[in-house]
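Reader: I would like to learn how to read a protein model step by step, beginning with a single residue and ending with the whole chain. Could we look at one together?

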Amino acid sequence: MTASMPDRTGRHNLDPHLDRYAARTAGMTASEIRALFAVASRPEVVSLAGGMPNLAALPLDSLSTQIGELIAEDGLVALQYGSAQGIPALREQICEIMALEGISAHPDDVVVTVGSQMGLDMVTRLFCDPGDIVLAEGPSYVGALGSFAAYQAQVVHVAMDDDGLVPEALREALAQAGRAGKRVKFLYTIPNFHNPAGVTLAVERRAEILEICRTHGVLVIEDNPYGLLGFDGQTYPSLRSLDPDNVVYLGSFSKTFASGLRVGWVLAPHAVREKLVLAAESATLCPPTLNQMIVSRYLGTHDWKGQIKTFRENYRERRDAILGALEQHMPAGCTWTTPDGGFYVWVTVPEGVDTKAMLPRAVTARVAYASGTGFYADGFGSRQMRLSYCYPTPERIREGVRRLAGVLESEMDL
Ligand code: PMP
């Protein structure tokens, strides 16, 4: 039998390795969202919790033929180790994709990653010492918060409104860090179709935010997995295109093609590129050659822009379903954002309701969401929740919101 060991907080824990872990593991805790996946995936529950892309529109037959051909024609390359930076053909195609959002980049400056999550991990590993401040929108992407915690960076949230990050709040956060004598390493931002807030950074604010960061010597990490999923086909000038020397850009094929292939990329200022490649090499030796070749072949042979348009139309229909249902069912006092792209609506509920405490009751009523506190590093967000409309059918979305509204109403009566 394994002895129960008291942990650092004095509680007993069955892990006999507890006193061996590195100090940095103290910040590694299970995300609230991941813990929820098991319950939320029961078929009777309408899950508005996870952000899984809806892949049903992918042409599986032609993909399977192409993958077969790829192995038959080029298997010995596809199944072999490759360059740490990623295969050159794909890096060229990635530059063409980024051009759609105004970025002019050289393939030599692109580093292919295992999803943009790996990019987040590498960037944090390269830039953050324990205690360094990272600025991030409040709320922010839960996976990024996980990486920041893993490297013991201290997250300071910067307020957003319907037009994204508020420049004045950024100035104030920088001034406060300055007064406290703290080093701010970077601003992490998701300018387009924000996860979880659903808003987009106004074009007029972009240059101002870049200017503030530049003046304060703060690097900008631009995370843009949803940029091509604007419901009207609209795109916005990427931060990287406006200030190439001070922005590290993270991209991904997870939302525009297939998340399970785990192919993303980092476009870094030239000076940073070499360190990034070394960090990538020490993490994975090289990204999976087969998956990169699948993406590259798909981009070369398939109407990928048409495919993205199809994805956009599917998500738009779901966005319309959720906004209509929220309007119809939600009790007075609830407010929500109006996304014009991406996967998420951010809902604020009336004072007195705690979305984390309410969640088990919602799951009993067969609807799940992600409660707001998971998107903050500082415990804020108890009156917020993220609803993802990307995966369920429009009918299920409407039913889910109806159930959620019922739970909220009884909560408000308590
Ligand atoms: N950044 C943001 C804002 C995301 O929403 C996600 C996925 N949910 C990621 C990064 C990670 O994406 P991936 O690793 O699949 O590329």
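Reader: Leaving aside its neighbours within four places in sequence, which residues is Trp346 in contact with?

Author: Please keep in mind that this is a predicted model. Apart from the neighbours within four places in sequence, Trp346 is in contact with Pro196, Ala197, Gly198, Trp336, Thr337, Gln384 and Arg386. Distances between C-alpha atoms can be read in a similar spirit: Trp346 and Leu387 are 41 residues apart along the chain, yet their C-alpha atoms are separated by 6.3 Å.

Reader: Does Trp346 count as buried or exposed, and why?

Author: The idea is to count C-beta atoms around the residue, and 20 or more within 10 Å make it buried, whereas 12 or fewer make it exposed. Trp346 has 23 such neighbours inside 10 Å, and therefore counts as buried. For a contrasting case, take Pro360, which lies in helix α13 (residues 355-364) and counts as exposed because it has 10 C-beta neighbours inside 10 Å. Pro360 also gives an example of separation, since its C-alpha atom lies 40 Å from that of Asp61, a residue 299 places away in sequence.

Reader: In which strand is Trp346 placed, and how should I read the pairing of strands?

Author: Strands of a sheet pair through backbone hydrogen bonds, and they may do so in a parallel or an antiparallel way. Trp346 has its place in strand β13, which covers residues 344-348 and pairs with β12 in the antiparallel sense over 2 bridges. In one of these pairings, Thr335 has Thr348 of β13 as its bridge partner. Four strands make up the open sheet here, in the order β12-β13-β16-β15, and their pairing is antiparallel. Because β12 (335-336) and β15 (370-371) each have a single partner strand, they stand at the edges, and one side of each is left without a neighbour in the sheet.

Reader: What is the order of the strands in the open sheet of 8 strands?

Author: That sheet is open too, with mixed pairing, and its order is β4-β11-β10-β9-β8-β5-β6-β7. Its edge strands are β4 (110-113) and β7 (164-165), each of which pairs on one side only. At the β7 end, strand β6 (residues 154-161) runs antiparallel to β7 and is joined to it by 2 bridges, and there Asp161 stands opposite Gly164.

Reader: How many Å should helix α11 span, and why?

Author: Each residue adds 1.5 Å, so the 13 residues of α11 (residues 289-301) should span 18 Å, and the distance between the end C-alpha atoms, 18 Å, agrees. Within α11, the buried residues are Gln292, Met293, Ile294, Val295, Ser296, Arg297 and Tyr298. They are covered by elements including α2 (60-78), α3 (88-99), β4, α9 (254-258) and α12 (304-329).

Reader: How many residues surround the ligand?

Author: There are 14 residues around the ligand, and the closest are Gly115, Ser116, Gln117, Ser252 and Ser254. Helix α4 (residues 115-127) supplies the largest share of this shell, 3 residues. By character, the shell divides into 3 nonpolar, 10 polar and 1 charged.

Reader: What radius of gyration does the chain have, and what would a compact globule have?

Author: For 414 residues a compact globule would have a radius of gyration near 22 Å, and the chain agrees because its own value is 22 Å. The chain contains 14 helices and 16 strands, and buried residues make up 43% of its 414 residues.

Terms used:
Residues numbered from 1 in each chain as written. Predicted model: local features only at pLDDT ≥ 70, side-chain atom pairs only at ≥ 80, totals over all residues. Pairing = 2+ DSSP bridges. Near = placed C-beta within 6 Å. Nonpolar A, V, L, I, M, F, W, Y, C, P; charged D, E, K, R; others polar. Rg over C-alpha atoms; globule rule 2.2 N^0.38 Å. Expected span 1.5 Å × (residues − 1). Contact = placed C-beta atoms within 7 Å.
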